[in-house]
Amino acid sequence: MPRTIVLKLKTKEFKILTRSYTSDSPPLSCVELTDIALKLRDRVDLGPQQRFRLVGVGLSNFQDAGETKSQPDLFE
C-alpha cells in the first residue's frame, strides 16, 4: 500500500515541478487519491492559464497491507 503520493508537472516551457504528500495511512480509494493529487496541484502557484506538457501521479513509500490499520483496536 502506498503512503506517498507524488504529483509531477511539466510546463510548456519544460519547467518540471513536483509536489508530494506522505500520510500515516494510505489512500483507501481512487476518490481519495484523486483528492490528494488535486490538493497537490493547488500547491503549485502558476496561475489558472498555465498549460502543461505532462501531468503524472506517482505512488511510493510502500508498506505491506498487513502493517496498515484503518482503525485502531478498541482496547489497545
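Why does Ser23 count as buried? Keep that in mind as we walk through the chain.

**Before you start**

This is a predicted model, in which local features need pLDDT of at least 70, side-chain atom pairs count only at pLDDT 80 or more, and totals for chains, interfaces and linings use all residues. Residues are numbered from 1 along each chain as its sequence is written, and side-chain values use heavy atoms, with hydrogens and water left out.

**Stop 1: the whole chain**

Show the cartoon. You should find one helix and three strands, in the order β-β-α-β along the sequence. Helices (H or I, at least four residues) and strands (E, at least two) are DSSP runs, numbered from the N terminus. Switch on the surface: its accessible area is about 5,800 Å², with 52% belonging to carbon and sulfur atoms (Shrake-Rupley method, 1.4 Å probe; for residues, only the protein chains shown count as cover).

**Stop 2: Ser23**

Select Ser23, in the loop between strand E2 (16-22) and helix H1 (30-42). Here is the reply to the opening question: Ser23 counts as buried because its relative accessibility is 15%. Buried means under 20% relative accessible area, exposed over 50%, and partly exposed in between (1.4 Å probe, protein chains only). Of the chain's 76 residues, 24% are buried. Now add Ser25: its backbone oxygen is 2.9 Å from a polar atom of the Ser23 side chain.

**Stop 3: the core**

Next, select Ile5, Leu7, Leu9, Leu17, Ile36, Leu40 and Val44, the seven residues of the largest nonpolar core. Strand E1 (2-11) and H1 each supply at least two of these residues, and E1 gives the largest share, three. A nonpolar core is a set of buried Ala, Val, Leu, Ile, Met, Phe, Trp, Tyr and Cys residues joined through side-chain atoms within 4.5 Å.

Stay on Leu9. Beyond residues up to four places away in sequence, Leu9 touches several others, including Lys15, Arg41, Phe52 and Val55; contact means heavy atoms within 4.5 Å.

**Stop 4: strand E3**

Select Gly56, in strand E3. The C-alpha atoms of Gly56 and Leu9 are 6.5 Å apart, although 47 residues separate them along the chain. Leaving aside neighbours within four places, Gly56 contacts Val6, Leu7 and Lys8.

Move on to Val57, also in E3 (residues 52-62). Val57 counts as partly exposed because its relative accessibility is 45%.

Note on methods:
A polar contact is a pair of N or O atoms within 3.5 Å; within protein, one must be able to donate a hydrogen and the other to accept it, and residues adjacent in sequence count only if both atoms are side-chain atoms.
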